[in-house]
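Please look over the chain below before reading on. The text then takes it from the whole down to single residues.

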Amino acid sequence: MSKKKTDISEAVEEESAKPQGAGETGVVLAGEVLPTSLPIMPIRPRPLFPGIHIPLAVREDQLSVVEWALESAGQTLGLVLVRDVEGEDSAKNLYRVGVAGKILKAIKEDQGSAHVLISCLERFTIQEVGDTPQGLLARVKYHHATELSPNQELKAYAMAIISTLRELTSLNPLHSEAIRLFLSRSSLNDPGKLADFAASLTTADGKELQGILEALDVRQRIDRTLVLLKKELEVFKLQQRITKQIEEKMTSQQREFFLKEQLKAIKQELGLEKEGKAAEIEKFQERLKHLSLNPEAQQVVDEEMGKLEILEPLSPEYMVTRNYLDWLTILPWGQQSQDNYDLKRAKEVLDRDHFGLEDVKIRILEFIAVGKMKGDIAGSILCLVGPPGVGKTSIGMSMADALGRKFFHFSLGGMRDEAEIKGHRRTYIGAMPGKFIQALKSVGTSNPVIMLDEIDKVGASFRGDPASALLEVLDAEQNSYFRDHYLDVPFDLSNVLFVTTANQLDTIPAPLIDRMEIIRLSGYILEEKVEIARRYLIPKALKNHGLKRQQLSIRKDALLRIVDGYAREAGVRSLEKQIRKIMRKAALKFSENFKGKLVVSKSDVETYLGGPVFTQEELLEDRPGIVTGLAWTNFGGATLQIEATAVASNRKGFKQTGQLGNVMVESSEIAYSYVMAHLEEYGAKSDFFDRHFVHLHVPAGSTPKDGPSAGITMAASLISVISQQKVKKKLGMTGELTLTGRVLPVGGVKEKVIAARRIGLDTLIFPEANEKDVSELPDYLRKGLTFHFARNFKDVHRWAF
């Protein structure tokens, strides 16, 4: 093998110029007999065809086959395509049809590989193949090309191939020289050779080309080749079309870029406009076509547009004017969504999103019904008042859904700057409109539902009083021409449905309360919480923790235990936290390959949640001086076991303990004064207090307490200890006492009744003025309870002792 390097491409051209079969040893006649046994060199990834001169790269492990062939008389070897490109060079991995190739030149590389120039001669079929130390050796049968008699059909086939090749040449000039050279040496009378050459030019895969190589019948071979050529033509046409589209796009973009640059240069030379100003003005004008501004706003817009046209973009006032116009033209002037007054749908939405709260739902349906009769609900401001976690915000969202309006929510808690409500003056750097104008921009309509959360927690500072600024917004008589400091033009807020939320009304200014319609959410009772957990909280928690219903269930008795021992507050946030805690522990078990279903029962609750937060309330021993009172807390209703004792002493005195607030201390002193003034009336000596020191205690001592509703309970406790009479069993009471003995009404009736049912009371005393509140309670709350309504303390004494 020659070690001198030679340019293979030059060798290909030299050999291609010779008649087929010409080599270093002279002319090979057509009838020359090729060897029937050939060393086989497997090739990848495409087969070779007769009549083709091609350079091949020989791997180091194939050098022995090439050397073997060079040592033979004809320097011929068999070139056969492998079936699996990734497979080994074995007899089983070879196709049965290959091509005999004569080695014209061989060049050995320094790295151990080689390059050879092959002249492909004839097809053959492998009869038998064996493995030798030098490589594969096969006994083959040749399929010599026969000269076909000329006829019109073969001529048509040949012309079809040549026509397709010429089309390919026009689309892909890469093969143009090879095609030109071949056509100059070939004729239409040899269509088989033409088919082989055409197939070798395509980009088809090895399997398709092997099918053409194995087609011994010339007509079948030409048919298959034409199919491949047509596919190749379509691929090149598609490639050309894609290339053309890309070029056109790039040309168009370049043209547009150059024209814009020229236009920019012309305008700069003439001093007409700067870049971007015309686009901004056009954008604002396009927005204004779809808006219905009031006359004052329209006049301001026209003035500002005229100012923008003459301002230089680099001037400080340009950006101020531009931002101002941006806000003016982006607001939904006159753009409203269509209200939906379908009461049936509204009820379905409220029932879907909330369980219980029937009184609140009825109030909301009444509100929507009024809007249906009136045709609009403009000028309405609702205030939802209730403890945390009872669903105030979600009710606002449900109202927006029921009405078909957009919803926007923001919190007023801790707000201390008036500019948050009414915006900043445009003279300030970074000035912006207030929250309400920003909300309208966000929703894109002028009649959304805007929820103002935590209106009872608005603060005040040297920057102003936001609560006072809200007066204009929440006043139906004024908000139709609300004037934001930034816009400085009136905007109609009368179509907005404002829904505010608060935990209490005490901290809200009276003028603000006067402008709102109050809807109270007193909270959920135990049974309602259980249903809420089953319908909403548990499915939501399962989804959020990646669990399924088939994996975990919480039984009803467990839910009752969780609500009573861990989540007694009026809302359901604490209940949701406890359920999430169970889900987390369950997720840990399943992550540790636990199989089966977890069922949480009442006995399992403490395993998952630890000891209960709230202990079971029990009535103390019924003895003189102890009376059960009813109270309202942030966690809902509660009971107070008020205790009194009298110690014999030379001087009188009165002491209260139990972390009582100012109002509760005053109530105890009123009770003490009232009882002291009516001692004989209730069967005690008139000098009792002169000889006894009285101590009143309200457990638990570590819990702060305040409010006026324990007045009659304290008085009953004092009379009980003085007369040494016990109050009736399972009796509770609440009511404010005056010095003259009148019993005044109290709040939190529903929560107090729930607390009474929880510890097993069956008789309750309420002020007479609260009778209407008790009558409005659901039947399931009043069932099994006896109610007495006291006008004065004499009524309380009669029913208690």
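What follows covers the chain as a whole, then one helix, one pair of strands and one arginine.

This is a predicted model, in which local features need pLDDT of at least 70, side-chain atom pairs count only at pLDDT 80 or more, and totals for chains, interfaces and linings use all residues. Residues are numbered from 1 along each chain as its sequence is written, and side-chain values use heavy atoms, with hydrogens and water left out.

The chain holds 27 helices and 24 strands; these are DSSP runs numbered from the N terminus, helices being H or I with at least four residues and strands E with at least two. Of its 801 residues, 47% count as buried, where buried means under 20% relative accessible area, exposed over 50%, and partly exposed in between (1.4 Å probe, protein chains only). Among contacts in the chain with a separation of 6 or more, 74% join residues 24 or more positions apart; a contact means heavy atoms within 4.5 Å.

Helix 8 spans residues 277-288, 12 in number. From first C-alpha to last it reaches 17 Å, close to the 16 Å expected at 1.5 Å a residue; the expected span is 1.5 Å times one less than the number of residues. Its buried residues include Lys 277, Glu 280, Ile 281, Phe 284 and Leu 288. They lie on the same side of helix 8 because they cover an arc of only 95° around the axis, the arc being that of the directions from the helix axis to the C-beta atoms. Helix 9 (295-310) and helix 10 (316-330) are among what covers these buried residues. On the face turned away from the buried side, helix 8 carries the exposed residues Ala 279 and Glu 282.

Further along, strand 18 (residues 653-657) pairs with strand 19 (residues 692-697) in the parallel sense, over 5 bridges; pairing requires that DSSP finds at least two bridges between two strands. One bridge joins Phe 654 to Val 694 in strand 19. Between the two strands the chain passes through helix 22 (residues 662-677), and this β-α-β crossover is left-handed. A right-handed crossover would run clockwise from the first strand over the helix to the second, with the strands pointing away from the viewer.

Arg 224 lies in helix 7 (residues 218-270). Is Arg 224 exposed, partly exposed or buried? Arg 224 counts as partly exposed because its relative accessibility is 35%. Leaving aside neighbours within four places in sequence, Arg 224 is in contact with Gly 211, Ile 212 and Ala 215. The Arg 224 side chain reaches the backbone oxygen of Gly 211 at 2.6 Å.

Conventions:
A polar contact is a pair of N or O atoms within 3.5 Å; within protein, one must be able to donate a hydrogen and the other to accept it, and residues adjacent in sequence count only if both atoms are side-chain atoms.
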